[in-house]
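Colleague: I'm new to reading models like this one, so please give me a close look at one part, the surroundings of the ligand. After that, follow the chain outwards from there.

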Amino acid sequence: MSTPVLDKTRLFRNALGSFATGVTIVTARSAEGADVGVTANSFNSVSLDPPMVLWSIGKNSSSLAAFMEAERFAVHILAAEQEHLSGRFAKSGTDKFAGLEIVRGHGDVPLLQNCAARFQCRVAFRHEAGDHYILVGEVDEFDHDDHAPLAFHSGRYGLFVRNEPPAAAEGAAPPLLAELLVRAEDALLRRVEGAMGESGLSLAEYEVLRSLVDLPLTLEDLEDWAGPAQEIPTVVLVEDLAERGLLDAPEGGAVSLTDAGRDALARGTAEIAAIEGTELGGLTPHEAQLLRRFLSRIAASAED
Ligand SMILES: Cc1cc2nc3c(=O)[nH]c(=O)nc-3n(C[C@H](O)[C@H](O)[C@H](O)COP(=O)(O)O)c2cc1C
């Protein structure tokens with residue numbers, strides 16, 4: 001018994017989805033001067049000399065006629081932050097360019113900004129292929145930026161993470177997450193502590209100021225807030241910060257930040273952000289962003 005046609009198509013789609021790709025938006029300008037654009041992951045490189053790329057457009061796309069007539073198109077490789085654009089350009093019958101800041105490329109083709117890469121092409125060939133047309137373009141201008149790319153796999157968006165050989169010997173139990181988190185926190189605090197001298201704050205002092213950012217607290221509340229970096233008693237830290245004009249600490253009253261305290265806090269935050277974004281364990285900013293996401297999920301689970 002043969003597999004029903006529909007199921008076979010779906011199975012074929014699912015199998016194709018195993019091929020992880022980037023995501024592109026291909027734009028053009030129709031003969032009537034209308035801008036068109038389609039989300040496409042069928043993009044591929046073809047030739048280096050001359051430089052050529054291809055993608056394929058479905059025959060049921062409402063933008064098909066424009067792409068079949070246009071002499072030029074531009075391919076935009078989307079950055080990780082541009083998932084919303086992918087969704088927007090995959091929707092038929094809407095004004096896909098509404099509110100977007102575009103610039104004009106060769107032939108007035110609309111160009112999107114802040115992409116990982118862009119290729120401006122002159123159409124070299126169009127091949128009919130089943131329910132799609134393959135469009136091959138000769139690239140006459142391109143640019144690229146160091147943005148992390150948006151990825152697509154099995155019908156879902158993803159982020160690219162560099163692969164690494166397993167750290168542990170094969171068969172050994174992986175280290176416990178809890179243990180890794182403690183060691184990572186220790187490494188992070190050491191790094192931060194070492195670099196924070198420049199803002200004139202120790203990490204413990206920074207934590208005291210940060211705990212007061214929203215509202216004044218009593219000394220007892222502050223003691224409850226004491227962070228992991230704090231070995232010096234809170235009362236000593238508060239007295240010292242008040243003497244330096246960073247805190248208001250009236251006898252028996254609530255402790256609050258002064259303007260100078262807010263400034264010092266902002267400087268400290270900028271220093272920590274710079275360290276987190278660039279140096280930790282050789283993480284790229286993109287990897288640091290992923291780590292932040294995973295840790296936020298673990299932290300949020302404590303609030304469930
Ligand atoms: C990740 C992703 C990849 C896609 N790849 C293609 C593609 O390679 N070719 C294509 O014709 N449609 C592709 N589509 C669907 C089109 O984006 C969508 O059908 C089209 O933009 C609808 O608008 P239109 O009628 O104006 O063309 C893709 C959609 C998504 C979300």
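Modeller: Let's start with the pieces of the fold that surround the ligand: strand S3 (35–40), strand S5 (52–58) and helix H3 (83–89) each give at least two residues to the shell around the ligand. Those labels come from DSSP runs, numbered from the N terminus: a helix is a run of H or I with at least four residues, and a strand is a run of E with at least two. Keep in mind that this is a predicted model, where local features need pLDDT of at least 70, side-chain atom pairs count only at pLDDT 80 or more, and totals for chains, interfaces and linings use all residues. Residue numbers start from 1 along each chain, as its sequence is written.

Now the shell itself. It has 18 residues, and Ala40, Ser42, Ser61, Ser62 and Ser92 come nearest to the ligand. To be near here, a residue must have its C-beta atom, placed from the backbone, within 6 Å of the molecule or strand in question. S5 provides the largest share of the shell, with four residues. What classes of residue make up the shell? There are eight nonpolar and 10 polar residues, and no charged ones. In that count, Ala, Val, Leu, Ile, Met, Phe, Trp, Tyr, Cys and Pro are nonpolar, Asp, Glu, Lys and Arg are charged, and the others, including Gly, are polar.

S5 is a good thread to pull. It pairs with strand S4 (residues 44–47) in the antiparallel sense, over three bridges. For two strands to pair, DSSP has to find at least two bridges between them. In this pairing, Ser45 faces Val53 of S5. The link from S4 to S5 is a hairpin of four residues. Pro50 sits in that loop, and the peptide bond between Asp49 and Pro50 is cis, with omega about 0°.

Another piece of sheet has three strands, is open, and runs in the order S1-S11-S12 with antiparallel pairing. Its edges are strand S1 (21–22) and strand S12 (156–159), each pairing on one side only. S1 is joined to strand S11 (residues 150–153) by two bridges, and Gly22 has Ala151 of S11 as its bridge partner.

What about the inside? The largest nonpolar core holds 30 residues, and Val26, Phe67, Phe73, Val75, Leu78 and Cys121 have the most contacts inside it. Such a core is a set of buried Ala, Val, Leu, Ile, Met, Phe, Trp, Tyr and Cys residues joined through C-beta atoms within 7 Å. Strand S6 (residues 72–77) brings the largest share of this core, four residues. There is also a second, separate core of 16 residues, with Leu201, Tyr206, Leu237 and Val255 among them. As a rule, nonpolar side chains in soluble globular proteins tend to be buried together.

Leu78 makes a nice example: leaving out residues up to four places away in sequence, it touches Val23, Thr24, Ile25, Leu85, Ser86, Cys115, Ala116 and Leu150. Touching, or contact, means that the C-beta atoms of two residues, placed from the backbone, lie within 7 Å.

Next, two loop residues with an unusual-looking angle. Asp108, in the loop between strand S7 (103–104) and strand S8 (110–111), has a positive phi near 65° although it isn't glycine. Asn114, in the loop between S8 and strand S9 (117–129), is likewise not a glycine and has phi near 60°. Are they buried or exposed? Asp108 counts as exposed because it has 12 C-beta neighbours inside 10 Å, while Asn114 is partly exposed because it has 13 other C-beta atoms within 10 Å. The scale says buried for 20 or more other C-beta atoms within 10 Å, exposed for 12 or fewer, and partly exposed in between, with C-beta atoms placed from the backbone.

Finally, zoom out. The protein splits into domain 1 (5–159) and domain 2 (177–301), with bounds from an automatic or database domain assignment. Their centres, taken over C-alpha atoms, are 45 Å apart. Gly245 lies in the loop between helix H7 (234–243) and strand S13 (247–248), and its C-alpha atom is 65 Å from that of Ile57, 188 residues away along the chain. Asp259, in helix H8 (residues 259–278), is exposed because just 9 other C-beta atoms lie within 10 Å.
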